[in-house]
Amino acid sequence: MARIETPADLEQYRLQLREKFGKYQYAVSVCGGTGCRAYDCINVFETLREIIDKKDMSHTVNLRLTGCQGFCEMGPLMFIHKNGIFYVRISPEAVERIVESSILGDEVVEELLYKSPADGRRIVHQQEIPFYNKQRRFLLAMNRDIDPLNIDDYIAKGGYGSLAWALFESSSEEIIDIIERAGLRGRGGAGFPTGRKWRIARQAPSPDGIKYVICNADEGDPGAYMDRSLLEGNPHQVIEGMTIGAYAIGASEGYVYVRHEYPLAVHHLLEALDQAREKGLLGKNILGSGLDFDIKVSVGGGAFVCGEETGLIASIEGKRGMPRPRPPYPANYGLWGRPTNINNVETWQNVPLILQMGADEYAKIGTEKSKGTKIFSLVGKINNTGLVEVPMGITLREIVYEIGGGIPRGKAFKAVQTGGPSGGCIPAHLLDIPVDFERLQEVGSMMGSGGMIVMDENTCMVDIARYFMEFLTHESCGKCVPCRLGTKRMLEILTKICDGQGTNENLEALESLAADIKASSLCALGGTSPNPVLTTLRYFRDEYEEHIVNKRCPAGICQALITLRIDPDTCTGCGACLKICPVEAISGEKKQPHSIDPEVCIRCKLCISRCPKEAIYTE
Amino acid sequence: MKHISLTIDGIEVITTPGRTILEAAAEAGIRIPTLCYDPRLEPYGSCRVCLVEVEGQGRGFLPACATPADEDMVVRTDTEKLRGIRRTIIELLLSDHPNDCMTCESAGNCELQDLAYEYGVRKPRFQGEQHHHEAIVDNPIIERDYNKCVLCGRCVRICREVQGVGVYDFANRGFEAVPGTPYNRPLTETPCEFCGQCVSTCPTGAIVSIPSKGKGRSWQVRKVRTTCAYCGCGCQIDLHVRDGRIVDVSSPLMVGPGEGNHCAKGRYGYGFVHHSDRLTTPLVRKEGELVPATWEEALGLVADRISKAVKEQGPDSVAFLASARCTNEENYLFQKLARAVVGTNNVDHCARL
Ligand SMILES: Cc1cc2nc3c(=O)[nH]c(=O)nc-3n(C[C@H](O)[C@H](O)[C@H](O)COP(=O)(O)O)c2cc1C
Ligand code: SF4
Ligand code: SF4
């Protein structure tokens, strides 16, 4: 079937597809997300396909290479639909056995199942794995079940149904009301109520009637990859969301601004756009409703600040990506001077979901002011790294200990940094706060786009503040003075403290600079850049003071302030450290305790990683 | 036209819609300090010096230069907090600025110096890395020393917005950001017109005119307001005169038809004034030699020759060629002379200089 002309056509097509997919005896999804690709999942998938072909079973097995399924730590992942068996860390060699036992049969290959680090128990079903168990995967669930390069998969799962409903059963105003009542807030950082933003754009006059919608897929936060995964794994839901948004605000053209480091997302998106156009779900007279709307893809200029909405718009316009003062906001004066509504990828993906669930059902998820789920990329010193989708209001403790499985090697938790590079570090005594926009801000951090970096006891909080400041200093566009020079001076002070040359006056200067930068920067990059410093000062001031007064780094991280020593009682004199030391600082007779000459040692810590007895420590 | 009224520093200010807070304040006699602002340019909001407090605004601080004044706004321009922020900004700028007002071409005519003076910043609280760019002297007219650049973007913007040339943009980001030409080519290899508009807007000594370097700073010169003699537009210019000689030309902001803008000729074409080749009296050719004459003698000779030609061969044997450097009024009179007195339509002018 080529073009879908009416909502009835769409329904009919959906039924046909379901019938067609129902004919397959088996369905298997192999995760093709970025993390799994790094583990060579493509090879696993190809091997699987070869075996299926060889057995002449391609008409009975529906094979899918999907988007990211979230449990990146454990890739490559495979999910067998008929019996729900979920395999992790699969090698191409294991595929044959899986086919025989679990696809053709219903047997489980024990050693390929997920093994709980807590009790060594093997877990068969995805949903029973603690990592998945506490999540509510409204958005990410689809990533497991569809092939992003095949629009039919999305349609069979009900895709574009919300769009058809919006266009034929509802008015623009009603759609905005629904989004407003659902309580959806922007997932790109600031948490602005989406419905309200749409209404402003709808009401804003345009000189020639042209309005735009933009999807912000710049995703510059280091370590964050939820937008990438949504775009790679389920591009149609973004397209559907944007089309509904365009109908609601009266826009005729859309842009997706994707960073150029995401070639797979761009590829999947372009393919999806073509398929949607071909089916009449995008372009002129969508589903026969009279709505004309199309989407262009703009590949980003490569700077973090291009994710800021006015910088992003400048970048699409071909200018240097630098923010400009607001007001006027893009809703009134945006791309090419026209009213423009800009939302984040995850925000757009929520739109079809809300129409499908209904505003009231959706609003039941979350807290009073933060509704729905939020996807976090859980990284750092945590057992289960990956993408997690949780209801707003879940506590940090649940995320870290239940979903994340706690801190590796029994180390103590120290802090979790939320909100990307300019978020704040939240200490252990606040682990029970519910995760929502307001609470995170109250404790000095923010939701941001959903980065979550866990730190253990071996993390120096001054060093962490310095690290994030370095990133922000580098990413400042340079337009406004407080951000350009203020972040630079803060970084210099932090470096001094880490180098053991800090003074109490430095601390005062740091605090006063932080306050002024926050108050006076042009955009939120500068405006939030002091957060890591302010929160570490608030919760870990003693660490700063240790560095300054006692010239000590309690976590043993800051190179200038530590000495490496070998514990003579533990050392067996194996000589491993001696061999790896690049500066020959270690000496000792074979089988006798070794020692390190602090004058020669460059504190690279290579020896620590080498010592089989963990006899080397810092002080 | 509808008016809006707002309160600035406790004073009720009435202004026209579309004005910024900065403009509305200026109308009421309230000066808000600025650095990246130039009335010839679109608002930019980068220096953050003109931040003001607006009641009921979430983050509180808005750039007066870029924020439209609005009905019933309550604005404060000079609170303790704002003064603190401005001080910090000045300190940050000075922490990466060569402290060489002693020899700087722009001392006395420098907006950064004025700010430091007003806010009493002598030594910044913050020290750290400073830029050490080489001064760029790649042409005889314009010198750029980016160690003094405050990244206000005024040169970038005036060249693009007003001149329509667009020679400069920023390269790099953050601390490394610096304005420059494409691929750092010499100005002579860009479409630069050497109008000096960038010189005129640069608030510090980062872009200066080479011909006037070292010849007199603002307090050493007498500024003589005059009309540019190059074309009929009538731009107002200030000649900077020291010891009876013109050492520089600038243009008063928002005055006359040029509104502070001028072209390469108006700004740099003053060399002829004191040039040895310049004619200072009419010359009449006698026996093949040009010799000095009085106006009476010279004009009398011209009148005689024209009358003779007209009498012998008719009025169309004569043609009148005027100069584009005359004013419209002068050119009008000139064609009147041709048409009404001599009786020919052979009149034209060199509409190029
Ligand atoms: C420095 C900076 C970087 C940003 N980067 C992103 C980004 O990568 N993705 C994003 O969606 N929003 C980003 N934002 C937020 C956007 O400016 C904007 O608020 C957001 O796209 C609006 O969409 P939402 O309402 O759906 O959140 C960034 C903001 C700043 C200040
Ligand atoms: S805050 Fe930083 S990134 Fe934002 S405009 Fe200012 S210099 Fe640029
Ligand atoms: S002299 Fe004129 S044309 Fe040349 S860079 Fe400056 S403003 Fe642009």
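**Ligand surroundings, domains and the interface of chains A and B**

By class, eight nonpolar, two polar and one charged residues make up the shell around ligand 3. In this predicted model, the residues around that ligand include four cysteines of chain B, namely B:Cys159, B:Cys192, B:Cys195 and B:Cys198. The charged member of the shell is B:Glu193, and the two polar members are B:Gly196 and B:Gln197. The remaining residues around ligand 3 are B:Ile142, B:Val167, B:Tyr168 and B:Phe194. Ligand 2 is surrounded by 13 residues, and the closest of them are A:Cys477, A:Cys480, A:Cys483, A:Cys523 and A:Gly526. The shell around ligand 2 divides into eight nonpolar, four polar and one charged residues.

The division of each chain into domains is considered next. Chain A is divided into domain 1 (17–128), domain 2 (159–362), domain 3 (373–456), domain 4 (461–549) and domain 5 (563–618). Between domain 1 and domain 4 of chain A, the C-alpha centres lie 47 Å apart. Chain B is divided into domain 1 (4–78), domain 2 (128–274) and domain 3 (283–350). For domain 1 and domain 2 of chain B, the distance between the centres, taken over C-alpha atoms, is 28 Å. Their contact takes eleven residues from domain 1 of chain B and 19 residues from domain 2 of chain B.

Together, domain 1 and domain 2 of chain B bury about 1,100 Å² between them, with 58% of this area on carbon and sulfur atoms. One salt bridge is counted between these two domains. A salt bridge joins B:Asp38 to B:Arg154, and the closest N and O atoms of the pair are 3.8 Å apart. Eight residue pairs are in polar contact across the interface of these domains, both residues of each pair being at pLDDT 80 or more. On the side of domain 1 of chain B that touches domain 2 of chain B, there are seven nonpolar, one polar and three charged residues.

Contacts between the two chains were examined in a similar way. The contact takes 33 residues from chain A and 35 residues from chain B. About 2,700 Å² is buried between chain A and chain B, and 57% of that area lies on carbon and sulfur atoms. Within chain A, the residues that lose the most area to chain B are A:Arg320, A:Arg484 and A:Arg489, which together account for 21% of what that side buries.

Three salt bridges are counted between chain A and chain B. A:Glu475 forms a salt bridge with B:Arg173, in which the closest N and O atoms are 3.3 Å apart. In addition, 17 residue pairs are in polar contact between the chains, with both residues at pLDDT 80 or more. Two or more residues of the side of chain A that touches chain B come from each of α19 (461–475), α20 (481–498) and α21 (504–520) of chain A. The largest share of this side, eight residues, is given by α20(A). By class, the side of chain A that touches chain B has 13 nonpolar, ten polar and ten charged residues.

A local feature of chain B concerns B:Glu105, which lies in the loop between α2 (80–94) and α3 (111–119). B:Glu105 and B:Lys215 are 110 residues apart in sequence, whereas their C-alpha atoms are 9.0 Å apart in space. Apart from its neighbours within four places in sequence, B:Glu105 is in contact with B:Val208, B:Ser212, B:Lys213, B:Gly214, B:Gly216 and B:Arg217. A polar atom of the B:Glu105 side chain lies 2.9 Å from the backbone nitrogen of B:Gly214.

Key:
Residues are numbered from 1 along each chain as its sequence is written. Chains are lettered from A and ligands numbered from 1 in the order in which they are written. This is a predicted model: local features need pLDDT of at least 70, side-chain atom pairs count only at pLDDT 80 or more; totals for chains, interfaces and linings use all residues. Side-chain values use heavy atoms; hydrogens and water are left out. Contact means heavy atoms within 4.5 Å. Buried area is the accessible area (1.4 Å probe) that two parts lose on being put together, summed over both. A salt bridge is a side-chain nitrogen of Lys or Arg within 4 Å of a carboxyl oxygen of Asp or Glu. A polar contact is a pair of N or O atoms within 3.5 Å; within protein, one must be able to donate a hydrogen and the other to accept it, and residues adjacent in sequence count only if both atoms are side-chain atoms. Helices (H or I, at least four residues) and strands (E, at least two) are DSSP runs, numbered from the N terminus. Domain bounds come from an automatic or database domain assignment. A residue is near a molecule or strand if one of its heavy atoms lies within 4 Å of it.
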